[in-house]
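This report describes where a ligand sits in a protein and what lies around it. Look at the sequence and the structure before reading on.

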Amino acid sequence: MKRIAVLASGQGTNLEAILKAAKSGEIAGRVELVISDRRKARALEIARRWGVKALFINPADYRDRNTYDAAVVEELQRAAIDLVVLAGFMRLLSAPFVRQYPLRIMNIHPSLLPAFPGTNGVEQALAYGVKVTGCTVHFVDEGLDSGPVILQEAVPVLPDDTVETLHQRIHAVEYRLYPRAIDLFCRDKLIVEGRRCLIVD
Ligand code: GRF
């Protein structure tokens, strides 16, 4: 069984979907640890409710990003984590962090990358006027939302969509897509060749 850590800053609805999928056996791995950079993150409450170790690591206690990330990595190593899952974690990981876990950190982004990276992917898509957007699960590299794509799914933009309605439909897709990508990793079904991530049977 692969050992998973989830890093989350906010609502934690993806975290909840992942915990459900792991419990029902849809993910061949266990969530061992949840870390947040926000004391009040609902993600921490959800983790505790599910009986998962939940840690708040306060950025204000560290002088810069590298020292903060080193503290996070220390906790990940202590828990012998195989896969780091970013689920609404609002911090860009430092290069040393990423290098500790090459192709072992995943992120979910609410657009069809490489379109609309960074924060506000949903707002950006709506403002641009695209007819189709979606979500992307990708490995994390040292850039911004730029690592190899694992899974993507399209979501149509409707004429009367607001950021809220569109994000809600994207979220619903994320709850299916992220557990699937995590399960593929846990069953060693993902092979990365350059930028391409292949799913093997
Ligand atoms: C999701 O839309 C995800 O794509 C983005 O942050 C949001 C997190 O939502 N990276 P939640 O905290 O899982 O509800």
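A polar contact is a pair of N or O atoms within 3.5 Å. The model discussed here is predicted.

## Polar contacts of the ligand

Which residues have polar backbone atoms at 2.9 Å and at 2.8 Å from an oxygen atom of the ligand? Gly12 has a polar backbone atom 2.9 Å from a ligand oxygen, and for Asn14 the distance is 2.8 Å. Pro110 also takes part: a backbone N or O atom of Pro110 is 3.5 Å from an oxygen atom of the ligand.

On its own, the ligand has 370 Å² of accessible area, and the protein covers 87% of that.

## The shell around the ligand

The ligand is surrounded by residues from several parts of the chain. Gln11, Gly12, Thr13 and Asn14 are among them. Further along the sequence, the shell includes Gly88, and also Ile108, His109 and Pro110. His167, His171 and Glu174 belong to the shell as well.

Which elements each supply at least two residues of this shell? They are α1 (13-23), β5 (105-109) and α6 (163-186). With 3 residues, α6 gives the most. By type, the shell holds 8 polar residues, 2 nonpolar ones and 1 charged one.

## The largest pocket

The ligand takes up the space of the largest pocket. This pocket has a volume of about 820 Å³. Its lining has 38 residues, and the elements that give two or more of them are α1, β5, α5 (121-128), β6 (132-139) and α6.

Gly88, Phe89, Met90, Ile108 and Pro110 are the lining residues nearest the centre of the pocket. Gly88, Ile108 and Pro110 are also part of the shell around the ligand. The lining as a whole divides into 19 polar, 13 nonpolar and 6 charged residues.

## The second largest pocket

How much space lies in the second largest pocket? The volume is about 210 Å³. Two elements, α1 and β2 (29-36), give two or more residues to its lining. The largest share comes from β2, with 4 residues.

The lining residues are Met1, Leu19, Ala22, Lys23, Gly29, Arg30, Val31, Glu32, Trp50, Gly51 and Val52. Of these, 6 are nonpolar, 2 polar and 3 charged. The helix α1 therefore appears in three places: it supplies at least two residues to the shell around the ligand, and two or more to the lining of the largest pocket and of the second largest pocket.

## Two backbone details

Most residues other than glycine have a negative phi, and most peptide bonds are trans. Two places in this model depart from that pattern.

Which residues does a cis peptide bond join? The bond lies between Leu113 and Pro114, and its omega is about 10°. Pro114 is in the loop between β5 and α5.

The other place is Ala80, which has a positive phi of about 50° although it is not a glycine. Ala80 is in the loop between α3 (65-78) and β4 (83-86).

Technical notes. Residues numbered from 1 in each chain as written. Predicted model: local features only at pLDDT ≥ 70, side-chain atom pairs only at ≥ 80, totals over all residues. Heavy atoms only, no water. Near = heavy atom within 4 Å. Polar contact = N/O pair within 3.5 Å; in protein donor to acceptor, adjacent residues only side chain to side chain. Areas by Shrake-Rupley, 256 points an atom, 1.4 Å probe, with all protein chains shown as cover. 1 Å grid on protein atoms, 1.4 Å probe; cavity = no way out; pocket = protein on both sides within 12 Å on 5 of 7 lines; lining within 4 Å. Sits in = over half its atoms within 2 Å of the grid points. Nonpolar A, V, L, I, M, F, W, Y, C, P; charged D, E, K, R; others polar. Points joined across faces, edges and corners; volume = space filled by probe spheres on them.
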